[in-house]
Amino acid sequence: MKKQVLPFLAFLLASLFLVFSCKKDEFSSKTNTQLITQSSWTFQSAFVGSTDVSNQDPPFKACRKDNIITFTAAGGGTVTEGAIACSPPEPITFTWSFTNGETILHMNTPLYPGTGNDFTVIFIGETSLVLQASYTPPVGPTLLINITFHH
């Protein structure tokens, strides 16, 4: 009987060690609203499946990729032009809300040409945000694109 208890206790202790040794920010108790509004976001990358489309123009021309996106808790937001400004300037204010249990981000204006107003929240954490959008290119079928932001 003692031989059976010892492996079980070792397994239990190893499991507890793994659970409590994870980084604290991986398990945020904040809501998606709190996470999206705590700091401004900037573009990091965009993928269709495993294909990097971060440099595809449209929608990710240089003047959009360096923009700073800020969401406010009151449901408003701004897009501040980065060092490379679009010409003509693009809309800089928007309204937003979460729907479907904070899993869909709805904006009154698309962030990028060819995307809709609704984004599926794939991941949101303390420092990164991954949104999925339907993207309709000028030529070809509609694609699902994952856009990653960071701060």
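These legends go with a set of close-up views of one predicted model.

A few ground rules: the model is predicted, so local features need pLDDT of at least 70 and side-chain atom pairs count only at pLDDT 80 or more, while totals for chains, interfaces and linings use all residues. Residues are numbered from 1 along each chain as its sequence is written, and side-chain values use heavy atoms, with hydrogens and water left out.

**View 1. The whole protein, with its 3 helices and 9 strands.**
Helices (H or I, at least four residues) and strands (E, at least two) are DSSP runs, numbered from the N terminus. Read from that end, the order is α-α-β-β-α-β-β-β-β-β-β-β. Of the 151 residues, 29% count as buried, where buried means under 20% relative accessible area, exposed over 50%, and partly exposed in between (1.4 Å probe, protein chains only). About 9200 Å² is exposed, and carbon and sulfur atoms supply 63% of that; the areas come from the Shrake-Rupley method with a 1.4 Å probe, and for residues only the protein chains shown count as cover. Among contacts (heavy atoms within 4.5 Å) with a separation of 6 or more, 42% come from residues 24 or more positions apart.

**View 2. Strands E4 to E7 and how they pair.**
Two strands pair if DSSP finds at least two bridges between them. E4 runs antiparallel to E5 over 3 bridges, with glycine 76 bridged to threonine 95 in E5. E5 (residues 93–99) then joins E6 (residues 104–107) through 4 bridges, again antiparallel. Here serine 97 has histidine 106 as its bridge partner, and tryptophan 96 stands opposite methionine 107. The hairpin of E5 and E6 has 4 residues between the strands, and asparagine 100 takes a positive phi near 55° there. E6 also pairs with E7 (residues 118–124), antiparallel over 3 bridges, and on that side histidine 106 stands opposite aspartate 118.

**View 3. The two faces of E5.**
In a regular strand the side chains alternate between the two faces of the sheet. Phe94, Trp96 and Phe98 point to one face of E5 and are buried. Thr93, Thr95, Ser97 and Thr99 point to the other face and are not buried.

**View 4. The largest nonpolar core, 27 residues in all.**
A nonpolar core is a set of buried Ala, Val, Leu, Ile, Met, Phe, Trp, Tyr and Cys residues joined through side-chain atoms within 4.5 Å. In this one, Ile36, Phe71, Leu105 and Phe149 touch the most other members. Elements giving two or more residues include helix H2 (32–37), strand E1 (41–48) and strand E3 (68–71), and E8 gives the most, with 4 residues. Zoom in on leucine 105 and its contacts include Ile36, Phe71, Trp96, Phe98, Phe119, Val121 and Leu131.

**View 5. The disulfide between cysteine 63 and cysteine 86.**
The structure holds 1 disulfide, meaning a pair of cysteine sulfur atoms within 2.5 Å; here the S to S distance is 1.9 Å. Cysteine 63 sits in helix H3 (residues 62–65) and cysteine 86 in the loop between E4 and E5, 23 residues apart. The link is right-handed, with 85° about the S-S bond, and both cysteines are buried.

**View 6. Threonine 148 in strand E9.**
Threonine 148 counts as buried because its relative accessible area is 16%. Leaving aside residues up to four places away in sequence, threonine 148 touches Thr42, Phe43, Gln44, Ser45, Leu129 and Val130.
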